[in-house]
Amino acid sequence: MSQTVLITGATGGIGLEFVKIFASNKATLLLVARNELRLRRMCEKLRARGLRAEYFACDLADPDSPAGIAAYAEREGLAVDILINNAGFGDYGPFAEANLQKQLDMIDLNVRALTEMTGLFLPGMIARGSGKILNVGSIASFEPGPMMSVYYATKAYVLSFSEALTRELKGTGVTVTCLCPGPTNTGFTTGAGMTQKRFADIFSLTGPAAVASYGYKALMRGQAVAIHGLPSKIGAFGVRLLPRKAVRELVYRLQK
Ligand SMILES: NC(=O)c1ccc[n+]([C@@H]2O[C@H](COP(=O)([O-])OP(=O)(O)OC[C@H]3O[C@@H](n4cnc5c(N)ncnc54)[C@H](OP(=O)(O)O)[C@@H]3O)[C@@H](O)[C@H]2O)c1
């Protein structure tokens with residue numbers, strides 16, 4: 001029987017690449033994002049290929065959304081085997097000048113919704129003795145991020161939460177993987193109020209397909225933490241050797 005996979009942030013960037021991978025594996029898909037038209041068209045195309053594909057359009061920063069998704073999955077008889085908590089966004093600039101509501105929405109999406117989605121679907125996985133969860137963190141999970149302070153803090157949460165669950169779930173048949181991409185060429189920069197050119201000038205950008213493919217393999221292996229790309233691996237290791245003051249300064253200069 002095909003596996004049922006729930007993917008948040010399925011309409012673009014890394015999430016869309018996850019959809020392509022699971023579709024090629026003939027999975028049953030439950031897709032979540034805000035853009036209903038895009039979701040409907042994606043599902044029509046997937047159904048034309050003989051797959052079962054459903055969608056739930058919602059703003060995950062809305063506190064009612066995760067429960068709405070879980071209720072929909074239950075109504076449709078979809079027991080989620082794999083949960084991909086991918087939806088997230090950032091915001092660039094000094095915190096004191098930031099749009100405060102945008103920071104709170106970011107916490108609601110990157111932290112609260114991810115936690116609630118995990119809390120809603122994990123017990124079913126444990127009861128069935130199998131399941132996989134992939135939480136999308138970031139290279140930002142490993143250090144404080146002056147000029148994107150709230151975003152980095154949300155991603156630190158994602159890594160910490162995921163790693164803690166990994167240990168708690170040992171022996172249950174359920175695994176949690178935290179995928180930590182480096183700078184990736186997606187719609188992320190637009191959402192974060194950065195220009196794609198400036199982002200690309202500073203960092204060498206990876207394509208989202210490579211990130212999703214790497215994350216998929218790590219998920220299937222049940223790997224706890226998966227940092228994509230050698231520069232990001234070196235960065236994540238390097239910050240453990242440097243004094244915290246030096247790390248703060250380095251990230252600030254890089255981002256400024
Ligand atoms: N790109 C990078 O450099 C990078 C690096 C490290 C980590 N990441 C992480 O990777 C994940 C995916 O980001 P991406 O780079 O692929 O960005 P993206 O291209 O902007 O895609 C974001 C996806 O999330 C959905 N989404 C955004 N806000 C939402 C909301 N409030 N409710 C429901 N869905 C929402 C978007 O669809 P709708 O607009 O239709 O809602 C879209 O499908 C994020 O968690 C991000 O933090 C990205």
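Mentor: Let's start with a rule: a residue counts as buried if 20 or more other C-beta atoms lie within 10 Å of its own, as exposed if 12 or fewer do, and as partly exposed in between, with C-beta atoms placed from the backbone. This is a predicted model, where local features need pLDDT of at least 70, side-chain atom pairs count only at pLDDT 80 or more, and totals for chains, interfaces and linings use all residues. Residue numbers run from 1 along each chain as its sequence is written.

Trainee: Why is Tyr 214 called partly exposed?

Mentor: Tyr 214 has 17 other C-beta atoms within 10 Å. That count falls between the two cut-offs, so Tyr 214 is partly exposed.

Trainee: Where is Tyr 214 found, and which residues is it in contact with once neighbours within four places in sequence are left aside?

Mentor: Tyr 214 sits in helix α8, residues 208-221; helices (H or I, at least four residues) and strands (E, at least two) are DSSP runs numbered from the N terminus. With those neighbours left aside, Tyr 214 is in contact with Ala 226 and His 228, where contact means that C-beta atoms, placed from the backbone, lie within 7 Å.

Trainee: What makes α1 oblique to α8?

Mentor: Two packed helices are described by the angle between their axes and the distance between the axes. Helix α1 (residues 13-24) packs on α8 at an angle of about 60 degrees, with the axes 8 Å apart. Axes are lines fitted to C-alpha atoms, for helices over the stretch in contact, and angles run from 0 to 180 degrees between N-to-C directions. Angles under 35 degrees count as roughly parallel, over 145 as roughly antiparallel, 65 to 115 as roughly perpendicular and the rest as oblique. An angle of about 60 degrees belongs to the rest, so α1 is oblique to α8.

Trainee: Which residues of α1 and α8 meet?

Mentor: Gly 13, Ile 14, Glu 17, Phe 18 and Ile 21 in α1 meet residues of α8 including Pro 208, Val 211 and Tyr 216. The residues of this contact divide into eight nonpolar, two polar and one charged. Here Ala, Val, Leu, Ile, Met, Phe, Trp, Tyr, Cys and Pro count as nonpolar, Asp, Glu, Lys and Arg as charged, and the others, Gly among them, as polar.

Trainee: How do α3 and α4 lie relative to each other, and why?

Mentor: The axes of helix α3 (residues 65-75) and helix α4 (residues 100-128) come within 9 Å and cross at roughly 30 degrees. That angle is in the first class I listed, so α3 and α4 are roughly parallel. Ser 65, Pro 66 and Ala 70 in α3 meet Ala 113, Glu 116, Met 117 and Leu 120 in α4. This contact has five nonpolar residues, one polar and one charged.

Trainee: Is Lys 26 buried or exposed, and how do you know?

Mentor: Lys 26 has 12 C-beta neighbours inside 10 Å, so it counts as exposed. Lys 26 lies in the loop between α1 and β2 (28-33), and its phi is positive, about 65 degrees, although it is not a glycine.

Trainee: What about Met 147?

Mentor: Met 147 has 18 other C-beta atoms within 10 Å, so it is partly exposed. Its loop runs between β5 (131-136) and α5 (149-168), and Met 147 has a positive phi of about 85 degrees although it is not a glycine.

Conventions. Two residues are in contact if their C-beta atoms, placed from the backbone, lie within 7 Å.
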